[in-house]
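These are my notebook entries on a single chain. I looked up its overall layout before turning to individual elements and residues.

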Amino acid sequence: MILIALGANLPSPAGPPLTTCRAALTALGERGVSVVAVAPWYETAPVPASDQPNFINGVAELTTDLSPAALLVVLHGVERGFGRVRGAPNAARTLDLDLLDYHGLIQAGPPALPHPRLSTRAFVLAPLADLAPGWRHPIIGATALELLPKTVDNQIVKKIGPVHPPGFHG
(Lines give C-alpha, C1' and ligand atoms only; values in the text may rest on other atoms or scores of the structure.)
Protein backbone atom coordinates (compact mmCIF):
# COMPACT_ATOMS: atom_id res chain seq x y z
CA MET A 1 0.00 0.00 0.00
CA ILE A 2 1.34 3.41 -0.98
CA LEU A 3 -0.05 6.23 1.15
CA ILE A 4 0.34 9.99 0.92
CA ALA A 5 -0.89 12.83 3.10
CA LEU A 6 -2.34 15.97 1.53
CA GLY A 7 -2.64 19.31 3.28
CA ALA A 8 -3.13 23.00 2.54
CA ASN A 9 -4.06 26.14 4.42
CA LEU A 10 -3.54 28.88 1.81
CA PRO A 11 -5.33 29.34 -1.50
CA SER A 12 -3.49 28.21 -4.62
CA PRO A 13 -4.03 29.07 -8.28
CA ALA A 14 -6.66 26.27 -8.23
CA GLY A 15 -8.66 27.92 -5.44
CA PRO A 16 -9.17 27.40 -1.71
CA PRO A 17 -7.33 24.61 0.16
CA LEU A 18 -9.96 21.87 -0.29
CA THR A 19 -10.17 22.59 -4.03
CA THR A 20 -6.37 22.53 -4.20
CA CYS A 21 -6.12 19.15 -2.46
CA ARG A 22 -8.71 17.66 -4.77
CA ALA A 23 -7.00 19.14 -7.83
CA ALA A 24 -3.68 17.70 -6.63
CA LEU A 25 -5.20 14.21 -6.82
CA THR A 26 -6.16 14.86 -10.43
CA ALA A 27 -2.66 16.21 -11.14
CA LEU A 28 -1.13 13.00 -9.79
CA GLY A 29 -3.28 11.01 -12.21
CA GLU A 30 -2.03 13.17 -15.06
CA ARG A 31 1.52 12.20 -14.09
CA GLY A 32 0.87 8.46 -14.21
CA VAL A 33 0.19 7.97 -10.50
CA SER A 34 -3.18 6.31 -9.92
CA VAL A 35 -5.33 7.33 -6.98
CA VAL A 36 -6.98 4.18 -5.58
CA ALA A 37 -8.88 5.66 -2.64
CA VAL A 38 -9.25 8.94 -0.75
CA ALA A 39 -10.07 9.41 2.93
CA PRO A 40 -12.64 11.92 4.13
CA TRP A 41 -11.24 15.42 4.48
CA TYR A 42 -10.47 17.00 7.85
CA GLU A 43 -10.08 20.55 9.06
CA THR A 44 -7.19 20.77 11.51
CA ALA A 45 -5.38 23.36 13.56
CA PRO A 46 -1.78 24.16 12.58
CA VAL A 47 0.98 22.17 14.29
CA PRO A 48 2.68 23.64 16.19
CA ALA A 49 -0.09 26.00 17.28
CA SER A 50 0.07 29.38 15.55
CA ASP A 51 -2.13 32.16 14.21
CA GLN A 52 -2.05 30.82 10.63
CA PRO A 53 -5.28 29.51 9.06
CA ASN A 54 -6.53 26.00 9.75
CA PHE A 55 -5.49 23.24 7.36
CA ILE A 56 -7.48 20.92 5.16
CA ASN A 57 -5.92 17.45 5.45
CA GLY A 58 -6.50 14.08 3.91
CA VAL A 59 -4.84 10.80 2.99
CA ALA A 60 -4.89 8.94 -0.31
CA GLU A 61 -3.84 5.48 -1.41
CA LEU A 62 -1.89 5.38 -4.68
CA THR A 63 -0.54 2.87 -7.15
CA THR A 64 2.52 3.50 -9.27
CA ASP A 65 5.52 1.74 -10.71
CA LEU A 66 7.72 4.64 -9.60
CA SER A 67 10.33 4.10 -6.91
CA PRO A 68 9.83 5.97 -3.63
CA ALA A 69 12.46 8.55 -4.65
CA ALA A 70 10.88 9.06 -8.08
CA LEU A 71 7.42 9.34 -6.51
CA LEU A 72 8.71 12.00 -4.13
CA VAL A 73 9.99 13.98 -7.13
CA VAL A 74 6.49 13.80 -8.65
CA LEU A 75 4.88 14.88 -5.36
CA HIS A 76 7.20 17.88 -5.09
CA GLY A 77 6.50 18.79 -8.71
CA VAL A 78 2.76 18.77 -8.06
CA GLU A 79 3.30 20.97 -4.99
CA ARG A 80 5.24 23.50 -7.09
CA GLY A 81 2.49 23.42 -9.70
CA PHE A 82 0.06 24.64 -7.04
CA GLY A 83 2.35 27.44 -5.87
CA ARG A 84 4.19 25.72 -3.03
CA VAL A 85 7.37 27.51 -2.05
CA ARG A 86 9.47 25.72 0.55
CA GLY A 87 10.56 28.07 3.30
CA ALA A 88 10.45 27.91 7.06
CA PRO A 89 9.35 24.60 8.58
CA ASN A 90 5.65 24.46 9.55
CA ALA A 91 4.88 27.60 7.55
CA ALA A 92 1.50 28.13 5.91
CA ARG A 93 1.37 26.54 2.45
CA THR A 94 -0.71 26.16 -0.67
CA LEU A 95 -0.10 22.41 -0.81
CA ASP A 96 1.84 19.78 1.10
CA LEU A 97 2.15 16.21 -0.20
CA ASP A 98 3.98 13.76 2.05
CA LEU A 99 4.87 10.16 1.26
CA LEU A 100 3.71 8.29 4.36
CA ASP A 101 4.23 4.62 3.49
CA TYR A 102 5.45 2.70 0.47
CA HIS A 103 4.44 -0.95 0.77
CA GLY A 104 5.78 -1.10 4.34
CA LEU A 105 9.31 -0.20 3.25
CA ILE A 106 11.60 0.93 6.06
CA GLN A 107 14.48 3.17 5.00
CA ALA A 108 16.42 6.12 6.38
CA GLY A 109 15.98 7.99 3.11
CA PRO A 110 15.69 9.75 0.94
CA PRO A 111 12.81 9.61 1.33
CA ALA A 112 12.61 8.43 4.93
CA LEU A 113 10.01 5.67 5.17
CA PRO A 114 7.69 5.42 6.86
CA HIS A 115 7.31 9.19 7.22
CA PRO A 116 9.18 10.04 10.46
CA ARG A 117 6.32 12.02 12.07
CA LEU A 118 3.47 9.82 10.83
CA SER A 119 2.81 8.23 14.22
CA THR A 120 2.58 11.56 16.07
CA ARG A 121 0.24 13.64 13.90
CA ALA A 122 -3.50 13.43 14.49
CA PHE A 123 -4.12 15.29 11.23
CA VAL A 124 -2.62 12.33 9.37
CA LEU A 125 -3.78 9.49 11.60
CA ALA A 126 -7.48 10.45 11.64
CA PRO A 127 -7.97 10.30 7.85
CA LEU A 128 -5.61 7.31 7.62
CA ALA A 129 -7.76 5.40 10.13
CA ASP A 130 -10.80 6.13 7.96
CA LEU A 131 -9.10 5.10 4.74
CA ALA A 132 -7.21 2.01 5.86
CA PRO A 133 -8.36 0.72 9.25
CA GLY A 134 -6.25 -2.44 8.90
CA TRP A 135 -3.02 -0.61 7.99
CA ARG A 136 -0.20 -1.04 10.50
CA HIS A 137 2.79 1.23 11.03
CA PRO A 138 5.76 -0.64 9.54
CA ILE A 139 8.00 -0.03 12.56
CA ILE A 140 5.62 0.32 15.52
CA GLY A 141 3.11 -2.29 14.35
CA ALA A 142 0.09 -0.32 15.59
CA THR A 143 -2.88 0.79 13.50
CA ALA A 144 -3.66 4.46 12.92
CA LEU A 145 -6.64 4.13 15.26
CA GLU A 146 -4.38 2.73 18.00
CA LEU A 147 -1.84 5.52 17.49
CA LEU A 148 -4.37 8.38 17.37
CA PRO A 149 -5.01 8.67 21.14
CA LYS A 150 -1.26 8.77 21.75
CA THR A 151 -0.68 11.94 19.71
CA VAL A 152 0.59 14.86 21.74
CA ASP A 153 -0.07 17.78 19.44
CA ASN A 154 -3.45 18.59 21.06
CA GLN A 155 -4.90 19.89 17.83
CA ILE A 156 -8.47 20.30 16.73
CA VAL A 157 -9.33 17.63 14.16
CA LYS A 158 -12.79 17.82 12.58
CA LYS A 159 -14.06 15.64 9.73
CA ILE A 160 -15.59 17.76 7.00
CA GLY A 161 -16.01 15.19 4.12
CA PRO A 162 -17.12 14.33 1.52
CA VAL A 163 -14.70 11.62 0.61
CA HIS A 164 -14.04 12.86 -2.93
CA PRO A 165 -15.34 15.43 -5.42
CA PRO A 166 -18.30 14.72 -7.67
CA GLY A 167 -17.16 12.84 -10.76
CA PHE A 168 -13.89 11.63 -9.19
CA HIS A 169 -13.19 8.00 -9.95
CA GLY A 170 -10.15 6.97 -7.94
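**Entry 1: order of elements.** I read the secondary structure along the sequence of this predicted model and obtained the pattern β-α-β-β-β-α-β-α-α-β. My tally from the model is 4 helices and 6 strands. I then looked up the radius of gyration, which is 15 Å; the globule rule gives 15 Å for 170 residues, so the chain is as compact as a globular protein of that length. Along the principal axes, the C-alpha atoms fill a box of roughly 40 × 40 × 35 Å.

**Entry 2: burial, surface and charge.** I noted that 51% of the 170 residues are buried. For the accessible surface of the chain I recorded about 7,900 Å², with 59% of that area belonging to carbon and sulfur atoms. Next I looked up contacts with a separation of 6 or more; residues 24 or more positions apart account for 68% of them. I also located the charges: the chain has 12 positive and 12 negative ones, and their mean positions lie 3 Å apart.

**Entry 3: strands 1 and 5.** I asked how strand 1 and strand 5 run relative to each other, parallel or antiparallel. Strand 1 (residues 2-8) and strand 5 run antiparallel and are joined by 6 bridges. As one pair to inspect, I took Ile4, whose bridge partner in strand 5 is Leu99. I then looked up the cover of strand 5 and found 6 of its 7 residues buried, so I entered the strand as mostly covered.

**Entry 4: the loop after strand 5.** I followed the chain into the loop between strand 5 (96-102) and helix 3 (122-131), where Pro110 lies. The peptide bond joining Gly109 and Pro110 is cis, with omega at about -10°. Pro114 is found in this loop between strand 5 and helix 3 as well. A cis bond joins Leu113 and Pro114, and here too I read omega as about -10°. I flagged these bonds because most peptide bonds are trans.

His103 also has its place in the loop between strand 5 and helix 3. I recorded its phi as near 55°, a positive value in a residue other than glycine. For context, most residues other than glycine have a negative phi. Is His103 buried or exposed? With a relative accessible area of 53%, His103 is exposed.

**Entry 5: helix 3.** I looked up how many residues of helix 3 are buried. The count is 9 of 10, so the helix is largely enclosed by the rest of the structure. The buried residues of helix 3 include Phe123, Val124, Leu125, Leu128 and Leu131. Pro127 is also among them, as are Ala122, Ala126 and Ala129.

**Entry 6: two distances.** I first selected Ala37, which lies in strand 2 (residues 34-38). Ala37 has a relative accessible area of 23% and is partly exposed, because buried would require a value under 20%. Ala37 and Leu62 are separated by 25 residues in sequence, and their C-alpha atoms are 7.3 Å apart in space.

I then selected Glu30, found in helix 1 (residues 17-30). Glu30 counts as exposed, at 62% relative accessibility. Glu30 and Val47 are 17 residues apart in sequence, and I recorded 31 Å in space, C-alpha to C-alpha.

Technical notes:
Residues numbered from 1 in each chain as written. Predicted model: local features only at pLDDT ≥ 70, side-chain atom pairs only at ≥ 80, totals over all residues. Heavy atoms only, no water. Helix = DSSP H or I, 4+ residues; strand = E, 2+ residues; numbered from the N terminus. Rg over C-alpha atoms; globule rule 2.2 N^0.38 Å. Buried < 20%, exposed > 50% of the residue type's maximum accessible area, 1.4 Å probe, protein only. Contact = heavy atoms within 4.5 Å. Areas by Shrake-Rupley, 256 points an atom, 1.4 Å probe, with all protein chains shown as cover. Lys, Arg positive; Asp, Glu negative; His and termini not counted. Charge placed at Lys NZ, Arg CZ, Asp CG, Glu CD. Pairing = 2+ DSSP bridges.
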